[in-house]
Amino acid sequence: MKILRELFYFMVENKKLWMLPVVLVTVLLGGLLVLSQGSAVAPLIYAIF
């Protein structure tokens, strides 16, 4: 969580808030892929992408 906090402070200080949606989508997709590795949802996720 420290890395995300530092990234957020960096974006605020350097006025790069346009990066926030990109980072959020990347983190959410990464979490979805990690969580679906061993589940029955995996074939659905692979079909979407």
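The protein chain of this predicted model has a secondary structure of three helices and zero strands, and read from the N terminus onward its elements follow one another as α-α-α. Confidence in the prediction can be taken into account from the start: the mean pLDDT of the protein chain is 81, and 88% of its residues reach 70 or more. Among the elements, helix α1 has the highest mean pLDDT, at 87, while helix α3, made of residues 42-48, has the lowest, at 71.

Seen as a whole, the protein chain has 49 residues, of which buried residues make up 10%. Its accessible surface comes to about 4,300 Å², and carbon and sulfur atoms account for 75% of that area.

Helix α1, which covers residues 2-13, is a good place to begin a closer look. Its 12 residues should span 16 Å at 1.5 Å a residue, and because the C-alpha atoms at its ends are indeed 16 Å apart, the expected span and the modelled one agree.

Two aromatic residues of this helix deserve attention, since F8 is found in helix α1 and Y9 has its place there too. The count of aromatic pairs comes to one, and this pair is formed by F8 and Y9, whose ring centres lie 6.2 Å from each other and whose planes make an angle of 55°, an arrangement that is classed as tilted. The reasoning behind that label rests on a cut-off: planes under 30 degrees apart would count as stacked and those over 60 as edge-to-face, so that the rest, to which an angle of 55° belongs, count as tilted.

How accessible are the two partners of the pair, F8 and Y9? F8 has a relative accessible area of 37%, and therefore counts as partly exposed, and Y9 is likewise partly exposed, with a relative accessibility of 47%. Both residues also take part in a nonpolar surface patch of about 380 Å², which F8 and Y9 make together with V12 and L17.

Following the chain beyond this helix, the reader comes to K15, whose place is in the loop between α1 and α2, the latter being residues 19-35. Just after α1, K15 takes a positive phi of about 55°, and this value belongs to a residue other than glycine. Why is a positive phi worth pointing out in such a residue? It stands out because most residues other than glycine have a negative phi. K15 is also exposed, its relative accessible area being 71%.

The loop leads on to helix α2, in which M19 lies. M19 has a relative accessibility of 22% and so counts as partly exposed. The position of M19 can be related back to residues earlier in the chain: F8 and M19 are 11 residues apart in sequence, and their C-alpha atoms are 9.4 Å apart in space. A second relation of this kind links M19 with L7, for these residues are 12 apart along the chain while their C-alpha atoms are separated by 9.9 Å. F8 thus enters the description in several ways, as a residue of helix α1, as a partner of Y9 in the tilted aromatic pair, as a member of the nonpolar surface patch and as one end of the C-alpha distance to M19.

Conventions. Residues numbered from 1 in each chain as written. Predicted model: local features only at pLDDT ≥ 70, side-chain atom pairs only at ≥ 80, totals over all residues. Heavy atoms only, no water. Phe/Tyr/Trp six-rings, centres within 6.5 Å; stacked < 30°, edge-to-face > 60°. Buried < 20%, exposed > 50% of the residue type's maximum accessible area, 1.4 Å probe, protein only. Patch = residues over 30% accessible without salt bridge, like charges linked within 9 Å, V, L, I, M, F, W, Y side chains within 5 Å. Areas by Shrake-Rupley, 256 points an atom, 1.4 Å probe, with all protein chains shown as cover. Salt bridge = Lys/Arg side-chain N within 4 Å of Asp/Glu carboxyl O. Helix = DSSP H or I, 4+ residues; strand = E, 2+ residues; numbered from the N terminus. Expected span 1.5 Å × (residues − 1). pLDDT = per-residue confidence, 0-100.
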